[in-house]
Amino acid sequence: MKNSKEIDIAQRLIRCKSVAPKDDGALRIVEKECKSIGFKCTKLRFSEKGFDTINNLYAEIGNGKPHFSFAGHVDVVPADRKEWSVDPFSGKIKNNFLTGRGAVDMKSAIACFISAAQSYLEENKNFKGKISMMITGDEETYAWLGKKKILQWLKKKKIKINNCLVGEPTNLNVLGDQIKIGRRGGYNGIVEVHGKEGHSAWPSRTVNPVSALIKMLSNIDKKNLDKGTKHFQPSIISITSIDVGNEALNVIPARAKGSFNIRFNPLHTTKSLTKWIKKEFNKVGLKYKLETYISGNAFLTKPGNFSELIRKCVKKITKRNPKYATDGGTSDARFIHAAGISVAEFGLCGHSMHTSSEKVSLKDLKDLTKIYKLILEEYFK
Ligand SMILES: [Zn+2]
């Protein structure tokens, strides 16, 4: 028996070793499939000094309002063959599961976008409005030359998207348990403490940056930043590294470095967090340098018509009542929200993503296609 369209596309996409910056032909497959069902495709190559060039794709069909967009990425995190029971880029199907890197995060969802759009368009040739796909080649690494740049390009072209559905794996255990309507913010800090080096037998002649660093980090470690909000878990802070690199047993070093990561809800901003961290660090009294890398502020699309429409469709197909969630890491939805587009996320089950047993059941692939098709039907009704 011939496999259905979404399974076939998902398999072919998994066979591309699309670890950013390479897309290894994955976007060509998406482009060809989109064109074959009538989408007009624009290849978007973005580059910037200090970054590799990234291939992206924008495809659209239809005219005018409303404009509904599917968003996703074809790049995947690396896969170490030794850790896998099958070749992670072979797209093997066994016991009704499709295994491979990208099977849930998120090549299969892109395959479902295309399959759903095809069957919707076959039945609704004269739909009123526009359907588009924003597919990027880099979400997993810097995410700098992907969705963010596509959105800037759309703005220049005066193309306005009203609603966007991101196909990231949002469900925890079963298809239909969660829709994401926001994401926490991500804050990474690296602090370097400056002391005065010397012989450890005469500590009074030295200023120990290691002791200071330990105090500074413990001032912020495991602090209750808040109690959470209606839609967000409490913010959390984790110390991720302490690096001194001192190989001598009897030397107090001049410098010590530490890093930490904060996942925060909308009760904080990167600015308010930096202010609090500096206040805690200053209590220790040693000179330090703080570098920060922000992956995004927290955001929330307030539950409303669009999220309710998605919920209704998920419920109808899966017979489950999905809850609205904001947990996990960050995603391209942060850029889409920042561009003023009403965005929500729904995709496959995420428990095997980024692991060496990433796989999706063929039934989930079929059901996700049905859900996406129903969303199009309800949206353009
Ligand atoms: Zn992803």
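Biologist: Leaving aside neighbours within four places in sequence, which residues is T99 in contact with?

Modeller: In this predicted model, whose local features need pLDDT of at least 70 and whose side-chain atom pairs count only at pLDDT 80 or more, while totals for chains, interfaces and linings use all residues, T99 is in contact (heavy atoms within 4.5 Å) with I14, W84, V86, G91, K92, E358 and K359. Residues are numbered from 1 along each chain as its sequence is written, and side-chain values use heavy atoms, with hydrogens and water left out.

Biologist: Why is T99 called buried?

Modeller: Its relative accessible area is 16%, and buried means under 20%, against over 50% for exposed and partly exposed in between, with a 1.4 Å probe and protein chains only, so T99 counts as buried.

Biologist: Which protein atoms are the donors of the zinc ion?

Modeller: H73 (NE2), D105 (OD) and E168, which gives two OE atoms, lie 1.9 to 2.6 Å from the zinc ion, where donors are N, O and S atoms within 2.8 Å of the metal (3.2 Å for Na, K and Ca), and the site may look incomplete without water. Along the chain, these donors follow the spacing H-x31-D-x62-E.

Biologist: What makes the arrangement around the zinc ion irregular?

Modeller: The four donor atoms subtend angles of 53 to 142°, whereas a tetrahedral arrangement needs all angles between 85 and 135 degrees, and a square planar one needs opposite donors over 155 degrees apart and all others between 65 and 115; therefore the arrangement is irregular.

Biologist: How do you know whether H73 and D105 are buried or exposed?

Modeller: H73 has a relative accessible area of 1% and D105 has 4%, so H73 is buried and D105 is buried as well.

Terms used:
Tetrahedral: all angles 85-135°; square planar, octahedral: opposite > 155°, others 65-115°.
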